[in-house]
Amino acid sequence: MTSHAPETERTRAHLHHPNRDTAASAREGGRRRKLALGSLALLFMTALLAGGCSSSSASGADSSDGTSARPSENSSPTPTPSPTPSLDAAVEEITDAQWSRTVAAGLWRKGCPDVRDQLRRVEMNYVGFDGEIHRGVLVVNADVTASVVRIFTRLFEERFPIRRMQPMEAYDGDLDASLADDNTSAFNCRRPDQINAPFRESPHANGRAIDINPLENPWTNLRTKKWSPSSKYAARTEGPGKILKNGLVWREFMEEGWIWQDIKVPDYMHFDTGYPSKPFKGPSATPSSSTAEETTPAG
């Protein structure tokens, strides 16, 4: 609709209401301030959220103890040194369980020396023919344990190879089976069909004799007159696991007062502390007196 009032009247009417202009300006200014405040608030929230995400990311990169889970390029882990290999020998009394296995295998029976409380289990490391360290057990008399540990410590340090080292109950007391398996062993009150020495006087039956690497160090069986377990390494030439006069093993046992081949036939595997067996007193031990061949085999 078009106004019919003169132009001057319209102008005069507008000028005649100053409060209306002031209110309009106030409203416009208020709107601009709100927009400005809104923008500032938006910027603040954006910054806050960005900071929170950054903080959260940093926390995720840290380990639970507050250190960075990703080590710096210059850091390197501290190596843990490997312990020096040793004999690590442990000497223990024979448990009831092991003694039960010993009796069940026929290693002790009526007529054998009453050594139940004298025997000790010597568990120790040895170097195998594969060059690796293995764990073995010798059952010996308590009075030779210190000597045994000293001797086998030197053998270990010099890396003298031993095939295996198991108590005789692992073979049900069968001497031939143990020899054929190249097993290093000690205590064994041997069966009547395998040995001739009187049981009570036998070094093996009293835990004061050790057979080492039988295959590399055979003996001449008095009953068959043949090499046992084999003649393959009967010649006393240099070779891994062999025992030679004046060699490492021979020297270590001799210095401790043991006797090598305490019999009148070759018995290269065998060391004992004397026949008839009696309490060991170290280097003061003397060779046993000579007796008939058929009554003094390595027993």
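What covers the buried residues of α4? The cover includes β1, β2, β3, β4 (164-165), β6 and α6. That list is a handy way into this predicted model, so let us start with the helix itself and work outwards.

## Helix α4 and its sheet

Helix α4 has 13 residues, and the distance from its first C-alpha to its last is 18 Å, close to the 18 Å expected at 1.5 Å a residue. Its buried residues are T145, S147, V148, I151, F152, L155 and F156. Looking down the axis of α4, you would find these buried residues within an arc of 165°, so they line one face of the helix. Just past the end of α4 comes R159, with a positive phi of about 60°.

Now for the strands. An open sheet is built from three of them in the order β1-β2-β3, with antiparallel pairing. At its edges are β1 (90-93) and β3 (133-141), each of which pairs on one side only. From one strand to the next, the twist averages 25°. Helix α4 packs on this sheet and touches β1, β2 and β3, and its direction makes about 5° with that of β2. Strand β2 (residues 119-127) is joined to β3 by nine bridges in the antiparallel sense. To find one such pair on screen, look for M124, whose bridge partner in β3 is G136. As general background, the strands of a sheet pair through backbone hydrogen bonds, either parallel or antiparallel.

## Helix α6 and its sheet

A second open sheet can be described in a similar way: three strands in the order β6-β10-β9, again with antiparallel pairing. Here the edge strands are β6 and β9, and each pairs on one side only. Helix α6 packs on the sheet, touching β6, β9 and β10, and its direction makes about 10° with that of β10. Three bridges link β6 and β10 in the antiparallel sense. One pair to look for is D211 with its bridge partner H270 in β10.

Which residues of helix α6 (residues 248-255) are buried? They are V249, W250, E252 and F253. These residues cover an arc of only 165° around the axis, which puts them on the same side of α6. They pack against α4 (145-157), β6 (209-211), β9 (259-260) and β10 (270-272). Just after α6, G257 has a positive phi of about 90°.

## Backbone details to look for

Most residues other than glycine have a negative phi, and most peptide bonds are trans. Some places in this model depart from that pattern, and the table lists four of them with their locations.

| Site | Backbone value | Location |
|---|---|---|
| S228 and P229 | cis peptide bond, omega about 5° | P229: loop between β8 (227-228) and α6 |
| Y275 to P276 | cis peptide bond, omega near -5° | P276: segment after β10 |
| D88 | positive phi, near 50° | loop between α2 (18-61) and β1 |
| Q261 | positive phi, about 50° | loop between β9 and β10 |

Is Q261 buried or exposed? Its relative accessibility is 18%, and buried means under 20%, so Q261 counts as buried.

Definitions and conventions
Residues numbered from 1 in each chain as written. Predicted model: local features only at pLDDT ≥ 70, side-chain atom pairs only at ≥ 80, totals over all residues. Heavy atoms only, no water. Buried < 20%, exposed > 50% of the residue type's maximum accessible area, 1.4 Å probe, protein only. Helix = DSSP H or I, 4+ residues; strand = E, 2+ residues; numbered from the N terminus. Arc of directions from axis to C-beta. Contact = heavy atoms within 4.5 Å. Pairing = 2+ DSSP bridges. Axes fitted to C-alpha atoms, helices over the stretch in contact; angles between N-to-C directions. Expected span 1.5 Å × (residues − 1).
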